Amino acid sequence: MKISVIGTGYVGLVAAAVFADYGNDVLCADVDAAKIDSIKAGKLPIFEPGLEPLVEHNIQAGRLRFTTSNAEAAVHGDVVFLAVGTPTAADGSADLSYLYQAASEIGRHITRPTIIVDKSTVPVGTAERITRIVGEQTRVPFTVVSNPEFLKEGAAVDDFMHPDRVIVGTDDPHAREVLHRLYQPFCRTSDRILFMDARSAELTKYACNAYLAARISFMNDMANLADALGADIELVRRGMGSDPRIGNKFLYPGVGYGGSCFPKDIRALLTTAREFGHSLEIVASAERINEAQKLVIVRKLRQQLGGDLSGKTFAVWGLSFKPNTDDVREAPALKIVRTLVGDGARLRLHDPEAGKNFLAGLSPHVAAACTLAADPYDAAEGAHALILATEWREYRSPDFERLKRIMAGPFLFDGRNQWDRHHVEALGFRYAGIGR
């Protein structure tokens, strides 16, 4: 099948590479010429496990090509995927300007019946708006389909190849047939392709993210209560997760969620709800709890060190919003670092992949108080306390005896409940986790 993908972010680049790997003829477009040149030279704009060799292999096989021309992509594809960014606007809504611009360009240049697939996360009713925009530009037959993505950063390639469900929103029988044929190779063992109308598909994406975010915030709320009551939230979590009605996914307390999806999508969903006179109290509470949770470690640190952090040095391990990605958008570590610098502290930072992106997201004043270390132990050298903000695998079993020798203070603040409290306390550390 001839496929075009507009956008080379986490969704677009993964979709293009995987579709090509399954034998399709894929042209991927992005208006950022520097990004396209970088991809062609073998340097991807994002870190995603397994993606780089997949892109390289399919470029060499001739199944995957790149262009800066949306017009060329429109002409190429029988199916054109729109996978451009929908960032948060000033009012909290989704900024759809990039999406609408891409749709207009596709409409001006399609030359034969085309299926236009909206892969971006968008408010309910966007497929209808895209239909009007494209229809203003062409008399060539086309259909707009909503096909929201459900990829996890750090596991996006595997998620695309082995989806737990594929949502296709369209009432057009031909589009259903084509999308079923396109996705069927990924669902060989069971047909997990769910067809519905476009509005329901658009809402499904938001509903899933809002529910998962609410689970995280619920557990963080319970963790803070456990701290006050002297209970261990890890034991509570296991007890809850053993109930099959609840399950154990997204029940891990920590310093809050971040990333490109949950915060942005929740704000957009709340904005949509307000426009229709609905308050979505649970979702709004999840957002409020999450923003407060990002500073729970700072509150614990201030309490343990007597409140005055001026002149102290702290190490932070993990800067990305989750492991196995270099994405720092809305990462809890950003808020932690900014707040500690505001308290007069100096920070020594380490992350396996996200260090440069993290420093780029700081103001010059905050960045000047931070040192990016090449090694976790270099970051911990001379630190009065060590903060674990992201649970990268290499941080899970560190050499605590070495840390005890090189750190200036005995404090460990485990923002992801990864370490054995009894073990580290036996070594002389003072340990503080989340809800423990």
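**Exercise 1. Place Gly9 in the predicted model and describe its surroundings.**

Step 1. Locate the residue. Gly9 sits in the loop that runs between β1 (2-6) and α1 (10-21). The structure used here and in the exercises below is a predicted model.

Step 2. Decide on its exposure. Buried means under 20% relative accessible area and exposed means over 50%. Gly9 has a relative accessibility of 25%, so Gly9 counts as partly exposed.

Step 3. List its contacts. With neighbours within four places in sequence left aside, Gly9 touches Val14 and Ile46.

Step 4. Compare sequence and space. Ala83 is 74 residues away from Gly9 along the chain, yet their C-alpha atoms are separated by 7.6 Å.

**Exercise 2. Find which pocket has Gly9 among the residues nearest its centre, and describe the lining of that pocket.**

Step 1. Identify the pocket. Gly9, Val84, Gly85, Thr86 and Arg329 lie nearest the centre of the second largest pocket, which has 41 lining residues.

Step 2. Name the contributing elements. α1, α5 (97-109) and α11 (262-275) each give two or more residues to this lining. The largest share comes from α5, with 4 residues.

Step 3. Give the volume. The second largest pocket has a volume of about 1,000 Å³.

Step 4. Sort the lining by class. It divides into 17 nonpolar, 12 polar and 12 charged residues.

**Exercise 3. Describe the largest pocket in the same way.**

Step 1. Start with the volume. For the largest pocket it is about 1,500 Å³.

Step 2. Look at the centre. The lining consists of 47 residues, and Lys152, Glu153, Phe250, Phe262 and Lys322 are the closest to the centre.

Step 3. Name contributing elements. Both α7 (156-161) and α9 (198-229) supply at least two lining residues. The largest share, 7 residues, is from α9.

Step 4. Sort by class. The lining of the largest pocket holds 22 nonpolar, 12 polar and 13 charged residues.

**Exercise 4. Describe two residues that have a positive phi although they are not glycine: Phe250 and Glu330.**

Step 1. Take Phe250. Its phi is near 60 degrees, and Phe250 lies in the loop between α10 (233-241) and α11. Its relative accessible area is 31%, so Phe250 is partly exposed. Phe250 is also one of the residues closest to the centre of the largest pocket.

Step 2. Take Glu330. Its phi is about 60 degrees. Glu330 belongs to the loop between β9 (313-317) and α14 (332-342). With 28% relative accessibility, Glu330 counts as partly exposed.

**Exercise 5. Is Met240 buried or partly exposed, and is Leu295 buried or partly exposed?**

Step 1. Recall the cut-off: a residue is buried under 20% relative accessible area.

Step 2. Apply it to Met240. The relative accessibility of Met240 is 19%, so Met240 counts as buried. Met240 is located in helix α10.

Step 3. Apply it to Leu295. The relative accessibility of Leu295 is 22%, so Leu295 counts as partly exposed. Leu295 is in the loop between α12 (281-293) and α13 (296-304).

Step 4. List the contacts, leaving aside neighbours within four places in sequence. Met240 is in contact with Phe218, Met219, Ile246, Gly247 and Leu251. Leu295 is in contact with Lys335 and Thr339.

Step 5. Add one distance for each. From Met240 to Thr143, 97 residues apart along the chain, the C-alpha separation is 45 Å. Leu295 and Gly259 are 36 residues apart in sequence, with 17 Å between their C-alpha atoms.

**Exercise 6. How many residues does the largest nonpolar core have, and which have the most contacts inside it?**

Step 1. Give the count. The largest nonpolar core has 44 residues.

Step 2. Name the residues with the most contacts inside it. They are Phe19, Leu51, Val55, Phe81, Phe160, Leu179 and Tyr183.

Step 3. Find the main contributor. α1 gives the most to this core, with 10 residues.

Step 4. Follow Val55. Beyond four places in sequence, Val55 is in contact with Leu13, Ala17, Ile39, Leu44, Leu64 and Phe66.

Step 5. Look for another core. One of 41 residues lies apart from the largest nonpolar core, and its members include Ile297, Phe321, Leu362 and Ala385.

**Exercise 7. Which residues does the UniProt domain annotation cover, and what is their helix and strand content?**

Step 1. Read the record. The unreviewed UniProt entry annotates residues 315-421 as "domain: UDP-glucose/GDP-mannose dehydrogenase C-terminal".

Step 2. Describe the span in the model. Residues 315-421 are 33% helix and 18% strand, and the end C-alpha atoms lie 19 Å apart.

Notes:
Residues are numbered from 1 along each chain as its sequence is written. This is a predicted model: local features need pLDDT of at least 70, side-chain atom pairs count only at pLDDT 80 or more; totals for chains, interfaces and linings use all residues. Side-chain values use heavy atoms; hydrogens and water are left out. Buried means under 20% relative accessible area, exposed over 50%, partly exposed in between (1.4 Å probe, protein chains only). Contact means heavy atoms within 4.5 Å. On a 1 Å grid over the protein atoms alone, a cavity is a set of points where a 1.4 Å probe fits but cannot get out, and a pocket is an open set with protein on both sides within 12 Å along at least five of seven lines; lining residues have an atom within 4 Å of a point. Grid points are joined across faces, edges and corners, and a volume is the space filled by probe spheres set on the points. Ala, Val, Leu, Ile, Met, Phe, Trp, Tyr, Cys and Pro count as nonpolar, Asp, Glu, Lys and Arg as charged, and the others, Gly among them, as polar. A nonpolar core is a set of buried Ala, Val, Leu, Ile, Met, Phe, Trp, Tyr and Cys residues joined through side-chain atoms within 4.5 Å. UniProt positions are given in the numbering used here, feature names are shortened, and annotations may be inferred rather than shown by experiment.
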